[in-house]
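Open the structure in your viewer and keep the selection tool handy. We will walk through it one stop at a time.

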Amino acid sequence: MNDQQSYYETMYILRPDIAEDEVTNHIDKYNKLLEEFGGSILDSQMRGKRRLAYQIAKHREGIYVQLSHQGDGQHIFKIEKAMRLSEDVIRYMTVKQEGPLPTPRPSTKSSTQADDKKNQETKVESKGEQPVVSTDASTSGKDDTETKENAEP
């Protein structure tokens with residue numbers, strides 16, 4: 001089978017004044033609509049609230065959501081129409097991608113915190129094993145007074 005498959009990525013921006021539970025409701029709503037219209041969801045991520053490059057509808061910030069999906073292409077018009085009619089979506093864009101399909105990332109905070117804790121433990125262990133070597137030329141055995149004398153004209 002071919003490693004290079006086509007899929008779609010839709011990035012949409014929600015109004016920044018929406019409550020967090022409403023944001024998850026919007027994400028679920030668009031995911032369900034996409035599946036109803038014949039698409040299959042590969043990955044859905046909330047990227048968080050970020051500052052916009054320019055003001056959109058009097059908003060300086062927005063909540064970014066990235067949705068990777070696959071289908072025949074006919075579902076895109078329908079999902080974008082639903083986003084266009086929504087007052088909570090201030091921008092959206094769909095791009096066709098070529099390449100390996102994205103793998104879904106776990107969205108639970110507990111697994112992320114456990115992974116971070118494991119990474120910190122590994123860093124602590126590796127620090128104890130490696131000796132510290134200084135490569136600074138100014139401390140390579142010369143006295144500070146010799147260095148100052150050579151630096152003055």
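## Where two helices cross

Start with helices H1 and H2, whose crossing is right-handed (clockwise: the near helix is turned clockwise from the far one by less than a right angle, whereas anticlockwise would make it left-handed). Before you go further, note that this is a predicted model, in which local features need pLDDT of at least 70 and side-chain atom pairs count only at pLDDT 80 or more, while totals for chains, interfaces and linings use all residues. Residues are numbered from 1 along each chain as its sequence is written, and side-chain values use heavy atoms, with hydrogens and water left out.

Select residues 20–36 for H1 and 74–85 for H2: their axes come within 9 Å and cross at roughly 150 degrees. Axes here are lines fitted to C-alpha atoms, for helices over the stretch in contact, with angles from 0 to 180 degrees between N-to-C directions. The crossing angle therefore makes H1 roughly antiparallel to H2 (over 145 degrees).

Now show side chains. On H1, pick Tyr30, Leu33 and Leu34; they meet His75, Ile79, Ala82 and Met83 of H2, where contact means heavy atoms within 4.5 Å. These residues divide into six nonpolar, one polar and no charged. Here Ala, Val, Leu, Ile, Met, Phe, Trp, Tyr, Cys and Pro count as nonpolar, Asp, Glu, Lys and Arg as charged, and the others, Gly among them, as polar.

## A turn to the loop

Next, select Ala57, in the loop between strand E2 (40–56) and strand E3 (59–70). Ala57 has a positive phi of about 50 degrees although it is not a glycine. Is Ala57 buried or exposed? Its relative accessibility is 60%, so Ala57 counts as exposed (over 50%; buried is under 20% and partly exposed in between, with a 1.4 Å probe and protein chains only).

Click on Lys58, found in that loop between E2 and E3. Lys58, not a glycine either, has a positive phi of about 65 degrees. Lys58 is exposed, with a relative accessible area of 76%.

## Into strand E4

Move to Gly99, in strand E4 (residues 89–99). Gly99 counts as buried because its relative accessibility is 2%. Add Tyr7: its C-alpha atom is 8.2 Å from that of Gly99, though the two residues are 92 apart along the chain.

## Zoom out

Finally, show the whole chain, which has four helices and four strands (DSSP runs, numbered from the N terminus: helices are H or I with at least four residues, strands E with at least two). From the N terminus, the order is β-α-β-β-α-β-α-α. Of the 153 residues, 27% are buried.

Terms used
Angles under 35 degrees count as roughly parallel, over 145 as roughly antiparallel, 65 to 115 as roughly perpendicular and the rest as oblique.
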